[in-house]
Amino acid sequence: MLKIFIKLAAVALVASFGTIVSADTWTLDSENSKLAFGSIKKDKIGEVHSFERISGTVSDTGAVAINIDLTSVQTNIEIRDTRMVEHVFKGMADASLAAQIDMAAVSALGLGETTVIDVAGTLSLVGTNVDIETEMFVARLSESTVVVTTNDMIFLNLESAGIDASVTKLMEIAKLPSITRTSPVTLRLVFNSEMTKAEVAPAAPAAQTVFAGDVKKGKKIFKKCKACHSMKPGKNGVGPSLHSIIGKQSGAADGYKYSKAMKGANITWDAANLNTYLTKPKTLVPGTKMSFGGLKKAKDIENLLSYIQAESK
Ligand code: HEC
């Protein structure tokens, strides 16, 4: 039964990974995942068991590797847990599942969308390899979280899982007239992608500095920029439009051909960077094609930025 369970689990895991797609590596959230299996003894007493510890990953190419800690079996009866580990799992520490899933099929899943995928994998349990094929229900909760559950119930045949004789032994030890030889298995797998989380996290908003300088004085200083820059959105000249430049990424004006240096600078035009650039352009961005000597007075820069801020509204 346990073996059967494991096989089923493996299948479920495979399905889960498929859903996750697009990220680099997905990791099973063990806390929020559950692998349960059922048994029926004496023809009528149904019981649910589970494995406390399952772990796993899915690679960016869809290779699934899942580990089930066999010693973490929970049947709610301690002596039964011990007997299963000893007689059914033969003292082996874990079972593993290997599968390959079509990541592309799952990457198409939008946030809040669900789908059903076919999953096929091989479960290695106590020296026996079992092929598992099933359907898994996949729901994308967020860019970095996918939940995969069994779509139907998975039935694990104890004989093909190589644990039929072991279960007979358990039956004898427990003095039971019968234990069914097919075990239903259900899975709830939650996968997280750290990578995706990082990519998806909104960029920290640039520190919203409010410049409280003299806008009129700033307008006068802007005359030094005017030969090359316009404050009109989208209007590029020798230099790019400076509309909304405060807080913006460097080298991002539409339709403007930046120098290689500015293109590769990757800086945010916050107060500190603008101060440095306007004081000595080539210090902050060596190789910039902005031929401007620089403003000397901090007060002038503050007034200028107050003007640019006002003109960007
Ligand atoms: C002689 C022309 C010229 C003058 C004068 C000039 N700039 Fe520039 N500026 C440029 C050019 C050209 C670039 C593009 C730099 C690159 O691609 O390396 C640029 C880029 C910039 C950028 C970066 C824009 C972006 O999209 O990343 C800022 C900010 C900027 N200038 C501000 C100013 C300010 C403020 C003044 C006036 C105090 C000024 N510039 C004066 C030519 C000029």
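Two strands are said to pair here if DSSP finds at least two bridges between them. That is the term needed for the β12 stop of this tour, through a model that is predicted.

**Whole chain**

Start with the full protein. Its secondary structure comes to 11 helices and 12 strands. Of its 313 residues, 34% are buried. Taking contacts between residues at least 6 apart in sequence, 67% join residues at least 24 apart.

Now colour by pLDDT. The mean for the protein is 83, and 87% of the residues reach 70 or more. Among the elements, helix α1 (residues 2-20) has the lowest mean pLDDT, 42, while α6 has the highest, 96. Select residues 1-23: the pLDDT is below 50 over this stretch, which nevertheless has 129 contacts in the model beyond near neighbours in sequence. Then select residues 196-207, where the pLDDT is also below 50 and the contacts beyond near neighbours in sequence number 10. Where pLDDT is low, predicted coordinates should not be read in detail.

**Strand β12**

Select residues 182-192, which form β12. Which strands lie alongside, and how do they run?

- Strand β1 (residues 26-28) pairs with β12 in the antiparallel sense over two bridges. To find the place, show T27, which stands opposite N192 in β12.
- Strand β2 (residues 34-41) pairs with β12 in the antiparallel sense too, over four bridges. Show A36, whose bridge partner in β12 is T186.
- Strand β10 (residues 145-150) is antiparallel to β12, and five bridges link the two. Show T149 together with its bridge partner in β12, R188.
- Strand β11 (residues 154-157) is joined to β12 by four bridges, and the two run antiparallel. Show N157, which has T182 as its bridge partner in β12.

With side chains switched on, keep one general point in mind: in a regular strand they alternate between the two faces of the sheet.

**M92**

Next, select M92, in the loop between α2 (78-88) and β7 (94-100). Is M92 buried or exposed? Neither label fits: a residue counts as buried with 20 or more other C-beta atoms within 10 Å and as exposed with 12 or fewer. M92 has 14 within that distance, so M92 is partly exposed.

Leaving out residues up to four places away in sequence, M92 touches L70 and V126. Add L125 to the selection: L125 is 33 residues from M92 along the chain, and the two C-alpha atoms are separated by 8.8 Å.

**The ligand**

Select the ligand and the residues around it. The shell holds 27 residues, the closest being C225, C228, G239, M262 and M290. Elements that give two or more residues to this shell are α7 (223-226) and α8 (260-263). Colour the shell by class to see 18 nonpolar, seven polar and two charged residues.

**Helix α11**

Finish at residues 298-311, helix α11. Its 14 residues reach 20 Å from the first C-alpha to the last, close to the 20 Å expected at 1.5 Å a residue.

Which residues of α11 are buried? They are I301, N303, L304, L305, S306, Y307, I308 and Q309. To see what covers them, add α6 (215-221) and α9 (271-279), which are included in that cover. When viewing down the axis, recall that an α-helix has 3.6 residues a turn, so residues three or four places apart point the same way.

Conventions:
Residues are numbered from 1 along each chain as its sequence is written. This is a predicted model: local features need pLDDT of at least 70, side-chain atom pairs count only at pLDDT 80 or more; totals for chains, interfaces and linings use all residues. The expected span of a helix is 1.5 Å times one less than its number of residues. Two residues are in contact if their C-beta atoms, placed from the backbone, lie within 7 Å. A residue is near a molecule or strand if its C-beta atom, placed from the backbone, lies within 6 Å of it. Ala, Val, Leu, Ile, Met, Phe, Trp, Tyr, Cys and Pro count as nonpolar, Asp, Glu, Lys and Arg as charged, and the others, Gly among them, as polar. pLDDT is the predictor's confidence in each residue, from 0 to 100.
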